[in-house]
Amino acid sequence: RIGDADGSLSPSSSLITQNLFLRCTGSPDTISVKSSSNQLRGNTFDSCDGILTLRHGRNNTVDGNFFLGRGVADSGGIRIMDSEHVVINNYMEGLMGSSSRAAIVLSN
């Protein structure tokens, strides 16, 4: 988790880059962002049963990540809440999640 709901509109300016999340299980959110102005770039989510969630905050960038479900139940991509985010150039393959764990989920 990056941040919390109380400080979600404050910039954290965290950089999460070039990480491998392999077979991460047990939580609906592999990464949960609850702050603003973060960059999540070039990460690989391989065989995870969770998703990357922009839960609270604004101005976050999700760019150039790989989401490889490999048929794992509930594997998903990116859930986007709030506004002013940039989500570009992400690759998704073999994801098995649905509803709130689909490849792309837009929520308010």
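Asp82 touches Gly57, Arg58 and Ser107, leaving aside residues up to four places away in sequence. This description refers to a predicted model. With one of these residues the link involves both side chains: that of Asp82 makes a polar contact with that of Arg58, at 2.9 Å. Asp82 itself lies in a loop, between β10 (78–80) and β11 (86–88). Its relative accessibility is 37%, so Asp82 counts as partly exposed. Ser27 stands 55 residues from Asp82 in sequence, and the two C-alpha atoms are 21 Å apart in space.

A second aspartate has another setting. Asp63 belongs to strand β8, which covers residues 61–63. Asp63 is buried, because its relative accessible area is 16% and the limit for burial is under 20%. Not counting neighbours within four places in sequence, Asp63 is in contact with Leu40, Arg41, Gly42, Ile88, Asn89 and Asn90.

The accessibility of four residues is set out below.

| Residue | Relative accessibility | Class |
|---|---|---|
| Asp82 | 37% | partly exposed |
| Asp63 | 16% | buried |
| Cys24 | 28% | partly exposed |
| Cys48 | 4% | buried |

The two cysteines in the table raise the matter of disulfides. How many disulfides does a search of the whole structure find? The search finds zero. Why is Cys24 not bonded to Cys48? The sulfur of Cys48 is the closest cysteine sulfur to that of Cys24, yet the separation is 4.1 Å, which is too far for a bond. A disulfide would require the two sulfur atoms to be within 2.5 Å. Cys48, likewise, is in no disulfide, and its nearest cysteine sulfur is that of Cys24.

The nonpolar interior comes next. The largest nonpolar core has 14 residues, and those that touch the most other members are Ile31, Leu40, Phe45 and Leu52. The elements giving two or more residues to this core are β4 (29–34), β7 (51–56) and β10. Leu52 has contacts with Ile31, Leu40 and Phe45, and also with Val62, Phe67, Gly77, Ile78 and Arg79, when residues up to four places away in sequence are set aside.

Strand β4 deserves separate attention. Five of its six residues are buried, so β4 is largely enclosed by the rest of the structure. Strands of a sheet pair through backbone hydrogen bonds, in either a parallel or an antiparallel sense. Which sense applies to β1 and β4? Strand β1 (residues 2–3) pairs with β4 in the parallel sense, over two bridges. In this region Ile2 stands opposite Val33 of β4. Strand β4 is also joined to β7 by five bridges, and these two strands run parallel. Here Asp29 has Ile51 in β7 as its bridge partner.

An open sheet of four strands is also present, in the order β3-β6-β9-β12, with parallel pairing. Its edge strands are β3 (20–22) and β12 (91–93), each of which pairs on one side only. From one strand to the next, the twist averages 5°. Within this sheet, three bridges join β9 (residues 66–68) to β12, and the two strands run parallel. Phe66 has Tyr91 in β12 as its bridge partner.

Definitions and conventions
Residues are numbered from 1 along each chain as its sequence is written. This is a predicted model: local features need pLDDT of at least 70, side-chain atom pairs count only at pLDDT 80 or more; totals for chains, interfaces and linings use all residues. Side-chain values use heavy atoms; hydrogens and water are left out. Buried means under 20% relative accessible area, exposed over 50%, partly exposed in between (1.4 Å probe, protein chains only). Contact means heavy atoms within 4.5 Å. A polar contact is a pair of N or O atoms within 3.5 Å; within protein, one must be able to donate a hydrogen and the other to accept it, and residues adjacent in sequence count only if both atoms are side-chain atoms. A nonpolar core is a set of buried Ala, Val, Leu, Ile, Met, Phe, Trp, Tyr and Cys residues joined through side-chain atoms within 4.5 Å. Two strands pair if DSSP finds at least two bridges between them. Axes are lines fitted to C-alpha atoms, for helices over the stretch in contact, and angles run from 0 to 180 degrees between N-to-C directions.
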